Amino acid sequence: MALTLSDRIDADGSTPPYTFTMLNLRNKITGESAPAEFFTDYEVLMFKSGSVFDPSKDTTVELLNKKRELVNTTPMVFNETSGQIAFNRASANLTLGEYVFDVEMSNSWGKRLFKDFAQINVVDPLITDMFQVTYQAATGSTAAEVFTTINAPQLSCTKISNEGARVILKIVDKNGNPWNPRAGEVIRRGDRPTFESHVKFNPVIETDTALICDFEVAPFPLTNLVGDDGTDWAFLIYYRIPMQFAQIDGVPSNNVNPVFGFRVLMEGTYVVQVKLPDVTRISGATQSPGTT
């Protein structure tokens, strides 16, 4: 939803007021006019002009929607006063490539044309532009709460759609088999933060294979999580897989305690996988009463 904005054009002491006009946007290699997608209106959810999003106060979808609206706009908007180019999330519709354009500047003294003024590169973002791992660790623990350090989970992220603002979180074993949150195979650890602790706008949905969150606004999480006692949990997420659902290589009869943190930096729909490289899921077990 956030705009990506270019720098202002340096007028180099020209007499104001002045106006900039973008002309002849074209493919750098072929010289052909830029594709129609550059000039097509798309429906985009954006913050209203003058509205300021405050993550400490705008904590419900209702409050959020008072500050945003659906707007029909092109993926790229050229500001004729500043010469800045603003890209919005509709830019996902643009054809990849290198484009150049001319700029005409006008003021009370007349007009001047600047050929090949600037270049626009439309590229696919790298996963590192969209996803950041902030922490990863894991332990095993006995029923008497004796802990053993095991190999850290391996976090990965796949973007499956430009639409929405959703994270599908899967915790899987070394063979890629997901544990079942809905069946109690993935549970919270006491008062430590979970995936849901970082969610502001919509409840987390539990399925047979994943925990799903519609986060509404990127980045997610928006800010560090700070507890009522002042503890800064940053972006940490704690879970426990009870021992009846998991076997750690070489460490029998232990719960599995993954701890991890991540941020999704752009809107879209993502599958975030937390893989435990030395743990095997045990299927068909039932949760013991009072397991934590």
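Let me start with Leu23, whose bridge partner in β7 is Asp102, and I should say at once that what we are looking at is a predicted model. That bridge belongs to a wider pairing, in which β2 and strand β7, residues 97–107, run antiparallel to each other over seven bridges. If we step back to the sheet, we find three strands in the order β2-β7-β8, forming an open sheet with antiparallel pairing. Because β2, residues 19–27, and β8, residues 110–122, each have a single partner strand, they stand at the edges, and one side of each is left without a neighbour in the sheet. Neighbouring strands here are turned by 25 degrees against each other on average, with direction ignored.

Let me move on to Asn257, which sits in strand β19, spanning residues 255–264. With a relative accessibility of 0%, Asn257 counts as buried, since the cut-off for that term is under 20%. Its side chain makes a polar contact of 3.0 Å with the side chain of Ser141, and, once neighbours within four places in sequence are set aside, the residues in contact with Asn257 include Ala137, Ala138, Thr139, Gly140 and Ser141, as well as Arg189 and Tyr239.

My last residue is Phe201, which is found in the loop between β12, residues 165–172, and β13, residues 205–206. Is Phe201 buried or exposed? Phe201 is buried, with a relative accessible area of 10%. Phe201 and Phe215 are 14 residues apart in sequence, and their C-alpha atoms are 6.4 Å apart in space. Leaving out neighbours within four places in sequence, the contacts of Phe201 include Phe215, Glu216 and Val217, and also Phe53, Val61 and Leu64.

Notes
Residues numbered from 1 in each chain as written. Predicted model: local features only at pLDDT ≥ 70, side-chain atom pairs only at ≥ 80, totals over all residues. Heavy atoms only, no water. Helix = DSSP H or I, 4+ residues; strand = E, 2+ residues; numbered from the N terminus. Buried < 20%, exposed > 50% of the residue type's maximum accessible area, 1.4 Å probe, protein only. Polar contact = N/O pair within 3.5 Å; in protein donor to acceptor, adjacent residues only side chain to side chain. Contact = heavy atoms within 4.5 Å. Pairing = 2+ DSSP bridges. Axes fitted to C-alpha atoms, helices over the stretch in contact; angles between N-to-C directions.
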